[in-house]
Amino acid sequence: MKLIATFNTNSIRARQGLISKWLKSRDCHLLCIQETKVQDKDFPVSTFEELGYHTYFKGQKSYNGVAIISKEPLKEVSFGFDDGQDTEEDLARLIRAQWDGFYIINVYVPQGRALDHPNFTKKLLWYDRLLECLERAYKPTMPIFIMGDFNCAPEPIDVYAPERKKDHVCFNESVREAFKRLLGWGLVDCFRAFDPSPNKYTFYDYRVPKAVQRGLGWRIDHILATEVALGHVKECYIDLEPRLWERPSDHTFLCAKVKSGAY
DNA sequence: ATGGTTGGTATCCAA
């Protein structure tokens, strides 16, 4: 059994200590990271090499940035949708690779800012481009994990006070529909496949006092799996403990225990 | 309705 996980770091340099401690204590095989907020020349490669991990990354100054940290070397690593329209930002928001017989797609979906902001249009378009990318380059019968920060709480159970969040960029009808269209291609929400209970969140806003204790969170980080990939998953859970460690992120580690060898 | 915090970079923007 191998542990795979996704984590929005909100700066990988600020979170090196926390990530190292987590990788070691959990014996993680593959970690997908979002919001590294660092240019490639400044990525802390040696921190993870010293722990025996391979790192693959692309980032921008201050914003965005994705990475995969893996015990085994990855194959076929690429960035962006490869739809002929990739901007530098797109490359810093999507990394794809092959790992242990699985296709891994690590995404950092644009947050969107506000419903009437151009960034929200870009967010919906981003979901469309992701779906087109799947239709073009993959099949629902393949063993695929799409994991990362989707900036979408799919159902009312996935956010506190859903009745008050209908105009939020991470919960309004249009983004939830875009998310559902993605699932409609042939993907399952891994966490919900294992745990139907409420008050299970992956993100707690820094600005909300005692958010974890008060249950004021969002489930916006996800591991989506095709049916055949889900068949290899034995467990899927949110690891909240690092929130008690030094310099926690506002996101949590979302984990899956996977039986290896999908080919 | 508003504001609260954090990080990277500047002294404000994004989340």
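Where the protein meets DNA strand B in this predicted model, 69% of the strand's atoms within 4 Å of the protein belong to sugar or phosphate, and the rest belong to bases. On the protein side, 15 residues surround the strand, and those that come nearest are Ser 11, Arg 15, Ser 62, Arg 113 and Arg 247. If we sort the residues of this surface by character, eight are charged, four are nonpolar and three are polar.

Which side chains reach the phosphate oxygens? Among them is Arg 15, with an N or O atom of its side chain 3.1 Å from a phosphate oxygen of strand B, and for Arg 247 the distance from a polar side-chain atom to such an oxygen is 3.1 Å. Arg 13 also has a polar side-chain atom by a phosphate oxygen of the strand, at 3.5 Å.

Let me turn now to helix α1, residues 16-26, in which Leu 18, Ile 19, Ser 20, Trp 22 and Leu 23 are buried. The cover over these buried residues includes the strands β1, β2, β4, β11 and β12, together with the helix α2. Just after α1 comes Asp 27, which takes a positive phi of about 55°.

Finally, the cysteines: how many disulfides are there? The count is zero. Cys 28, for instance, is in no disulfide, and the nearest cysteine sulfur, that of Cys 255, is 7.1 Å away. Cys 28 is also buried, with a relative accessible area of 0%. Cys 236 is buried too, at 6%, and its sulfur forms no bond with the closest cysteine sulfur, in Cys 190, because the distance of 5.1 Å is too far, given that a disulfide needs the two sulfur atoms within 2.5 Å.

Terms used
Residues numbered from 1 in each chain as written. Chains lettered and ligands numbered in written order. Predicted model: local features only at pLDDT ≥ 70, side-chain atom pairs only at ≥ 80, totals over all residues. Heavy atoms only, no water. Near = heavy atom within 4 Å. Polar contact = N/O pair within 3.5 Å; in protein donor to acceptor, adjacent residues only side chain to side chain. Nonpolar A, V, L, I, M, F, W, Y, C, P; charged D, E, K, R; others polar. Buried < 20%, exposed > 50% of the residue type's maximum accessible area, 1.4 Å probe, protein only. Helix = DSSP H or I, 4+ residues; strand = E, 2+ residues; numbered from the N terminus. Contact = heavy atoms within 4.5 Å.
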